[in-house]
Amino acid sequence: MSTPSPHGRSRIAALAVALAAASAFTLVACDDDSGGSSTTSATPTAPDTASFSGNAASALASAKASVRAEASKRAASASAVASSFEASVSAEVERANKAARTELAKVVGQGNAMSEVTMTGKPRSETGGLLAVVVTITNKTDKTASYAVQVDFLDSSGKVVETRYVGAEDLEPGQKAQPVAVSRKPTEPVLTPKLAKAQRY
């Protein structure tokens, strides 16, 4: 076996140093799969703000949008309540109301039953914001009778801007009926209901 020359030994030694350095670099650069960590200390770097997805301004805009959505939802709910309320009233008394209007067309003056009719305002919280009055009709006679009632809605100057008719048919002596007169005008300006006519027939 021949002995390497001095020049050959130098090349072998340089190769060994290079391999050792490469191995050390590999161990430092990689973590093992079992959860071991590198022995080098990482230098912290500033976060990349371009990757952020939001800021205070967009959060505020989102909050405003949420409030607007909630307000819109409540308004829609109130409108639905109003529509439902008016529909239920109309379904119950529509025929009687038509008969009342027809009967009152024949009446001169206020009619013969003003003392048998009273009115009470209905809370707007129950009507979806609509102006509505409960018309209480009481048959104070000793015979069965039907009633026709006219309710006028007046503005602040006293002008009649809307008229509604309600009625009750075949009330026994002493019996009461409570139809509801509902204004279809906007909530503003505020109107005042007035009992205009009441006829027993």
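**Exercise 1. Determine how many helices and strands the protein chain of this predicted model holds, and in what pattern they follow one another.**

Solution. Begin with the count: in this predicted model, the secondary structure of the protein chain comes to two helices and seven strands. Then read along the sequence, where these elements give the pattern α-α-β-β-β-β-β-β-β. To complete the overview, consider burial and contacts: the chain has 201 residues, of which 26% count as buried, and among contacts between residues at least 6 apart in sequence, 68% join residues at least 24 apart.

**Exercise 2. Work out the strand order of the open sheet of three strands, and state which strands are the edge strands.**

Solution. The order of this open sheet is β4-β3-β7, and the pairing is antiparallel. The edge strands are β4, covering 160-171, and β7, covering 192-200, since each of these pairs on one side only. From one strand to the next, the twist averages 20°. Turning to a particular pairing, strand β3, which spans residues 145-154, is joined to β4 in the antiparallel sense over nine bridges. A residue-level example is glutamine 150, whose bridge partner in β4 is tyrosine 165. As background, strands of a sheet pair through backbone hydrogen bonds, in either a parallel or an antiparallel way.

**Exercise 3. Examine the backbone of aspartate 170: what is the sign of its phi, and is the residue buried or exposed?**

Solution. First locate the residue: aspartate 170 lies in strand β4. Next take the torsion, for aspartate 170 has a positive phi of about 55° although it is not a glycine. Finally compare its relative accessible area, 53%, with the cut-off of over 50%; aspartate 170 therefore counts as exposed.

**Exercise 4. Identify the residues that join in a cis peptide bond, and place the proline within the secondary structure.**

Solution. The cis peptide bond joins glutamate 188 and proline 189, with omega about -5°. Proline 189 is found in the loop between β6, residues 180-182, and β7.

**Exercise 5. Describe the largest cavity by its volume, its lining residues and their classes.**

Solution. Start from the count, which is one cavity of 30 Å³ or more in the structure. The space in the largest cavity is about 60 Å³. Its lining consists of Arg124, Gly129, Leu130, Leu131, Ser183, Lys185, Pro186, Thr187, Pro189 and Leu191. Sorted by class, this lining has five nonpolar, three polar and two charged residues. Here the previous exercise connects with this one, as Pro189 is one of the lining residues and also takes part in the cis peptide bond with glutamate 188.

Technical notes. Residues are numbered from 1 along each chain as its sequence is written. This is a predicted model: local features need pLDDT of at least 70, side-chain atom pairs count only at pLDDT 80 or more; totals for chains, interfaces and linings use all residues. Side-chain values use heavy atoms; hydrogens and water are left out. Two strands pair if DSSP finds at least two bridges between them. Helices (H or I, at least four residues) and strands (E, at least two) are DSSP runs, numbered from the N terminus. Axes are lines fitted to C-alpha atoms, for helices over the stretch in contact, and angles run from 0 to 180 degrees between N-to-C directions. On a 1 Å grid over the protein atoms alone, a cavity is a set of points where a 1.4 Å probe fits but cannot get out, and a pocket is an open set with protein on both sides within 12 Å along at least five of seven lines; lining residues have an atom within 4 Å of a point. Grid points are joined across faces, edges and corners, and a volume is the space filled by probe spheres set on the points. Ala, Val, Leu, Ile, Met, Phe, Trp, Tyr, Cys and Pro count as nonpolar, Asp, Glu, Lys and Arg as charged, and the others, Gly among them, as polar. Buried means under 20% relative accessible area, exposed over 50%, partly exposed in between (1.4 Å probe, protein chains only). Contact means heavy atoms within 4.5 Å.
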